[in-house]
Amino acid sequence: GVAPMAGTARRGLVHEDRLLGVSDNSVEVFDLSDRDAPQKTSELALASIADRIALSEDGAVMVRMATDWWTGETRLETVDPSTPQSPLALGTLSLDELTPAPPEGPEAAEWGCAHYGYLQSEMFIHQGFVYLVREDTLGGGWGPDANTVIDVVDVTDPSAPEYIESLEVPGTRSWGSGQTVSSDEVSVRIVGDTMVIVTGVQTWEESGPGSSSSVFEIVDLSDPGHPVHTKSLARPEGLAHGGLQEHDGIGISWHMLAVEGDPSKVRYFLERLDLSSAQDASVAPPVNVPGAVIAWDAVSNRAVVADFQLESIADVDSCWSHAASWYSYADDSCALAHRPLHLIQIEGDGASLLETVDVEGSDGGIQRAASSDERLFVSIQRGSYAWAEDAGFVRSAQSEVAIFADWSAGSFSPQALLTVGESTGWLGDLTAMGTQLLFQAGAGIGTVDAEDPAAPSLEVHAVWGSYCADLQTSDNTAYCAMGPWGVQAVLLD
């Protein structure tokens, strides 16, 4: 028989009908009464695993999703956020019985190590209940018959997490479009007692851009232990659909349509979703705007949108090395995607252009953006990466952050353009928190303090692992989930 252990097995001691196994991750005891089928009877964790994390609204409880590479088990663990790295959980719940059984035999190896249904899951906490959002197919796959499932777990008693039920919602989550700029766009978002799941299907054609369909699926969380799917709000068919942002309690998104009679041009539309009630959720008539929305202010009815203008480049080699390169697989061509930023005023079902700003210049390309009620942050990359046979990487990109502070009421121009530097590398997962920006970088977790937008400061915090698989914040602390390296808490001064 085999006694599967978490982590590499280092020592094994047999005493009568018990096996004591020691690995990098834990000490485990197995009953050897039936040596053909050893049964684990107890375990003492020595290290923690965290692939996903979520924090309760009051910051009192953290939930870790841990997938064991060695045993294939996926479990939920509740921990105290003051000691998020602790291997000793307050409570544990195995999730393996909630998802479809994996294939047996040689096929099993094709599914990898993570437990199949939770491979691309998302996790949220609301009013003492955990929601695990996943697809109902192995590996989180897509298809005409695939649906989204919400597994509900009660953690009101952190020492005894309990599975309650699962809710099935039609369709599978949409992961956005290549034209997306905003890091605030997500496929699942909770606003008040309403959960919105953005589902969609993107089709591709060899001769063109294909088509996109999308739906806002609305779920009522007013009874948090028993969520109810209340309605499906279909979005207009188009070429692409954005994910969901939230500004001032309003759901914000965009979609892109082809211009009839001119396939070389497209039209963008701003979408506003009323989420004051899950029962009465509705979408306002879409407004034609000159780009994908990246910021919205409900008081002034102003928005900032990122345009998408393609410039054909004959020299493919010089095109791909530019920070704004845009490769088309349809015709094996390369272009530069220029993204001027437009400030627009929404009036009823129409929009007017107020100002336009170009922060890219001739050598830059906008990568991502994030906004709060107080600041808009836009990351720009200048240069790209080049490879030489005899020298490897000979040139590295430099990142910058443009900071906008007065766009909702005053003029539209960046108060500062902060150079991040080559040592920090790429910037990703931008999150705006008041006057502060949190981001992931090649060197760790970075923060930009823009309380004085004209004189921002930069700080980069090193992390144990190479990347945060999940990054969450509470008050002045960032929590980085790093898989087998556990959770690192980073104090944001």
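Is cysteine 480 buried or exposed? Select it and see: cysteine 480 is buried, with a relative accessible area of 0%. Keep in mind on this tour that the model is predicted.

**Stop 1: the whole chain**

Zoom out and colour by secondary structure. You should find 42 strands and 1 helix. The protein has 493 residues, and 51% of them count as buried. Now show the surface. About 22,100 Å² is exposed, and carbon and sulfur atoms supply 50% of that area. Contacts also reach along the chain: among those with a separation of 6 or more, 47% join residues 24 or more positions apart.

**Stop 2: the disulfide**

Return to cysteine 480 and add cysteine 468. These two form a disulfide, with sulfur atoms 1.9 Å apart. The structure holds 1 disulfide. Look down the S-S bond: the angle about it is -115 degrees, and the link is left-handed. Cysteine 468 sits in the loop between strand 39 (457-461) and strand 40, while cysteine 480 belongs to strand 41 (residues 477-481), so the bond ties together parts that are 12 residues apart in sequence. Check the partner's surroundings too. Cysteine 468 has 2% relative accessibility and counts as buried, because the cut-off for that class is under 20%.

**Stop 3: the largest pocket**

Select Phe124, Val186, Arg189, Leu471 and Gln472. Of the 50 residues that line the largest pocket, these lie nearest its centre. The space in this pocket comes to about 2,100 Å³. Next, highlight the elements that give two or more residues to the lining; they include strand 9 (122-126), strand 13 (188-191), strand 36 (427-433) and strand 40 (470-474). Colour the lining by residue type. You get 19 nonpolar, 19 polar and 12 charged residues.

**Stop 4: two positive phi angles**

Most residues other than glycine have a negative phi. Two residues to select here go the other way.

Start with aspartate 429. Its phi is near 50 degrees, a positive value in a residue other than glycine. Aspartate 429 is found in strand 36. With 38% relative accessibility, aspartate 429 counts as partly exposed.

Then jump to asparagine 301. Its phi is positive, about 60 degrees, although asparagine 301 is not a glycine. Look for asparagine 301 in the loop between strand 23 (292-297) and strand 24 (302-306). Asparagine 301 is partly exposed, at a relative accessible area of 30%.

Key:
Residues are numbered from 1 along each chain as its sequence is written. This is a predicted model: local features need pLDDT of at least 70, side-chain atom pairs count only at pLDDT 80 or more; totals for chains, interfaces and linings use all residues. Side-chain values use heavy atoms; hydrogens and water are left out. On a 1 Å grid over the protein atoms alone, a cavity is a set of points where a 1.4 Å probe fits but cannot get out, and a pocket is an open set with protein on both sides within 12 Å along at least five of seven lines; lining residues have an atom within 4 Å of a point. Grid points are joined across faces, edges and corners, and a volume is the space filled by probe spheres set on the points. Helices (H or I, at least four residues) and strands (E, at least two) are DSSP runs, numbered from the N terminus. Ala, Val, Leu, Ile, Met, Phe, Trp, Tyr, Cys and Pro count as nonpolar, Asp, Glu, Lys and Arg as charged, and the others, Gly among them, as polar. Buried means under 20% relative accessible area, exposed over 50%, partly exposed in between (1.4 Å probe, protein chains only). Contact means heavy atoms within 4.5 Å. Accessible areas come from the Shrake-Rupley method with a 1.4 Å probe; for residues, only the protein chains shown count as cover. A disulfide is a pair of cysteine sulfur atoms within 2.5 Å.
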